[in-house]
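Got the model loaded in your viewer? Here is a walk through it, one selection at a time.

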Amino acid sequence: MTREPKAKRPQQVFTLLVEVGRNPGDGLPKGATGAGLLCYATGVDEAEAVRETVKVLKQADLAPLDVTGYGTLDEQLADGADIGEDEKALMQQALDQNAVIVAQMTPYTG
C-alpha cells in the first residue's frame, strides 16, 4: 500500500502583538518597564508563528511575556480592519523572507 505524500501547508503571515518585559541588554530605552511589539510572522498556523516569534525575540535578548494573535490579513479584512499599504508590504516581506518582522515598538514607562 502506497501512501500519498502529505500535502504541505502553505506559509501564512500572522499579525501578533507581543508584550515584553525587561532583560539586561534588551536595547529598550532607559526607564522603560517593557514594550509592546507589533510583529508580522510566518507560519503554517498561528501557533507556529507565535513559537517562531518568541524564539527570535529571545535571541534578541528580549523577554516575551504575552502574545496576542490577530490572525492573517484575510481574517483581519473579513473582520472589517483597515490595513494600510505599508502594513501589507511588511506582511508580504515577512512572507517572502519567511521571517518575523517587528513593525512597531512602543516602550512602556512608569
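What follows is a list of stops, each with something to select and a note on what is there. Keep in mind that this is a predicted model.

**Stop 1: the whole chain**

Start with everything shown as a cartoon. You should be able to pick out three helices and four strands, and tracing the chain along its sequence gives the pattern β-β-α-β-α-α-β. Turn it along its principal axes and the C-alpha atoms fill a box of roughly 60 × 35 × 20 Å. If you colour by burial, 31% of the 110 residues count as buried. Now switch on contacts with a separation of 6 or more: residues 24 or more positions apart account for 72% of them.

**Stop 2: the main core**

Select Leu16, Val18, Val20, Leu28, Leu37 and Leu62. These are the residues with the most contacts inside the largest nonpolar core, which has 13 residues. Which elements give two or more residues to this core? They are β1, β2 (32–43) and α1 (46–59). The largest share comes from β2, with five residues.

There is another core apart from this one, made of six residues; Tyr40, Ile83, Ala94 and Ile101 are among them. Give it a second colour and move on.

**Stop 3: Leu28 and Met105**

Go back to Leu28 and show what surrounds it. Leaving out residues up to four places away in sequence, Leu28 touches Val20, Gly21, Arg22, Gly34, Ala35, Leu62 and Met105.

Follow that last contact to Met105, which is found in strand β4. Is Met105 buried, partly exposed or exposed? It counts as partly exposed, because its relative accessibility is 40% and that class runs between 20% and 50%. With the same sequence neighbours left out, Met105 touches Leu28, Pro29, Ala35, Gly36 and Leu37. Try a distance from Met105 to Leu38 too: the two are 67 residues apart in sequence, yet their C-alpha atoms are 6.5 Å apart in space.

**Stop 4: Thr15**

Next, select Thr15, in strand β1. Thr15 has a relative accessible area of 5%, so it is buried, the cut-off being under 20%. Its contacts, setting aside neighbours within four places in sequence, are Leu38, Cys39, Tyr40, Thr68, Gly69, Tyr70, Gly71, Gln76 and Met91. Tyr40 in that list also belongs to the six-residue core you coloured earlier, and Met91 takes you to the next stop, as one of the residues lining the largest pocket.

**Stop 5: the largest pocket**

Select Gln12, Val13, Thr72, Leu73, Asp74, Lys88, Met91, Gln92 and Leu95 and show a surface. These residues line the largest pocket, whose volume is about 190 Å³. Colour the lining by residue type and you get four nonpolar, three polar and two charged. At least two lining residues each come from β1 (12–21), α2 (73–78) and α3 (85–97). Which of the elements gives the most? That is α3, with four residues.

**Stop 6: along α3 to its end**

Stay on α3 and run a distance from its first C-alpha to its last. This 13-residue helix reaches 18 Å, close to the 18 Å expected at 1.5 Å a residue.

Just past the helix comes Asn98, which sits in the loop between α3 and β4 (100–109). Check its backbone: phi is near 50°, a positive value in a residue other than glycine. Asn98 counts as exposed, because its relative accessibility is 51% and exposed means over 50%.

**Stop 7: Asp61**

Jump to the loop between α1 and β3 (63–72), where you will find Asp61. Here too phi is positive, at about 65°, although Asp61 is not a glycine. Is Asp61 buried, partly exposed or exposed? Its relative accessible area is 39%, so Asp61 is partly exposed.

**Stop 8: Arg9**

Finish with Arg9, in the segment before β1. Setting aside neighbours within four places in sequence, Arg9 is in contact with Val44 and Asp45. Draw a line from Arg9 to Asp45: they are 36 residues apart in sequence, and 8.8 Å separates them in space, C-alpha to C-alpha.

Terms used. Residues are numbered from 1 along each chain as its sequence is written. This is a predicted model: local features need pLDDT of at least 70, side-chain atom pairs count only at pLDDT 80 or more; totals for chains, interfaces and linings use all residues. Side-chain values use heavy atoms; hydrogens and water are left out. On a 1 Å grid over the protein atoms alone, a cavity is a set of points where a 1.4 Å probe fits but cannot get out, and a pocket is an open set with protein on both sides within 12 Å along at least five of seven lines; lining residues have an atom within 4 Å of a point. Grid points are joined across faces, edges and corners, and a volume is the space filled by probe spheres set on the points. Ala, Val, Leu, Ile, Met, Phe, Trp, Tyr, Cys and Pro count as nonpolar, Asp, Glu, Lys and Arg as charged, and the others, Gly among them, as polar. A nonpolar core is a set of buried Ala, Val, Leu, Ile, Met, Phe, Trp, Tyr and Cys residues joined through side-chain atoms within 4.5 Å. Buried means under 20% relative accessible area, exposed over 50%, partly exposed in between (1.4 Å probe, protein chains only). Contact means heavy atoms within 4.5 Å. The expected span of a helix is 1.5 Å times one less than its number of residues.
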